[in-house]
Amino acid sequence: MKTFLRTGVLLALPLLIGACADELPEPIRRERTEVRFMADWSDLASDIPVPEAWRLRIGNDSYPVEGNTTGITLLSASDYTAVAYTEAEGISVSGTNAVLTARSGAAATVGHLSAAVVDLTGLQGKRSLDMPLRMQQRTFGLNFVLNFGKRNITAATGTLSNVASCVDLRTGKFLSAGEIAMDFSIPDAGERSLTASVRIFGVMPESSQVLSLELSTPDGPVVVESDLTEALADLASRDDNTALTLGADLDAEDLFGSVSDWTVVEGGPIVPEKKNQQ
């Protein structure tokens, strides 16, 4: 009897297993869309090279991209927001906003930022989609040249106030104000100009942009303030968004100083025409 029962159980097991396998449902296959992203760099200024690499963020996923195109297969037919941007020193990207991360009071090193934001909607039933990305330039170069004649200046730093510290990458709207610091180069023997270069998102509307200079001289420090509001008003609205170079004469007698006659330097080296120096 014991032998019979054991045999009966063993014989029944294959039947039960077969019955369970037959009842398993077919796997559910979700519709997925393959999106081909194509970066267009035609809006970049002529002095900015086309980036070799950039980053694409879709939802919570981030992808490094080399070249101008990439294909991404989405996980579902839900709506997504895609943010494409170049990774730039001194700038962080969160959501659809970019923020200057350079520490206040320190000379800032800011890279080139270009970006595009697109919405992926209506994906139900679409197996493939081409999505162009018109990359918008979001940083603008700014050069300063200060002629100082025969005066002895051993060091120079500057701070520009009321620049944009956060920008909406979708709309280009400036969301907050800040300041940016810069170091001016000390010229070699025979050269009589201080130079500095920075990059900014732009200037805050309805505010004044003041360049505060702190100069070191053998006679002590010299503090100079210069209003650049008018000179920077058209920073991002010129035909070619190449770096804007501003030149002026520096008057730094005794322990006070002033900057006179800022002018735009067009083309050539970033040294303005020198005026008569005292």
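This text walks through two open sheets in a predicted model. Residue numbers start from 1 along each chain as its sequence is written, and side-chain values use heavy atoms, with hydrogens and water left out. Because the model is predicted, local features need pLDDT of at least 70, side-chain atom pairs count only at pLDDT 80 or more, and totals for chains, interfaces and linings use all residues.

Start with the sheet built from three strands. Its order is 4-1-9. The sheet is open, and its pairing is mixed. Strands here are DSSP runs of E with at least two residues, numbered from the N terminus. Two strands pair if DSSP finds at least two bridges between them. Strand 4 (69-73) and strand 9 (128-134) are the edge strands, and each pairs on one side only. From one strand to the next, the twist averages 25°. Such angles run from 0 to 180 degrees between N-to-C directions, with axes fitted as lines to C-alpha atoms.

Now look at one pairing in this sheet. Strand 1 spans residues 34-40 and pairs with strand 4 in the antiparallel sense, over five bridges. Met38 has Thr69 in strand 4 as its bridge partner.

Next comes the sheet of four strands. It is open too, with mixed pairing and the order 14-11-17-18. Strand 14 (193-200) and strand 18 (258-264) each have a single partner strand, so one side of each is left without a neighbour in the sheet. Here the twist averages 20° from one strand to the next.

Follow strand 17 to the edge. Strand 17 covers residues 244-251, and its pairing with strand 18 is antiparallel over five bridges. Opposite Gly247 stands Thr263 of strand 18.
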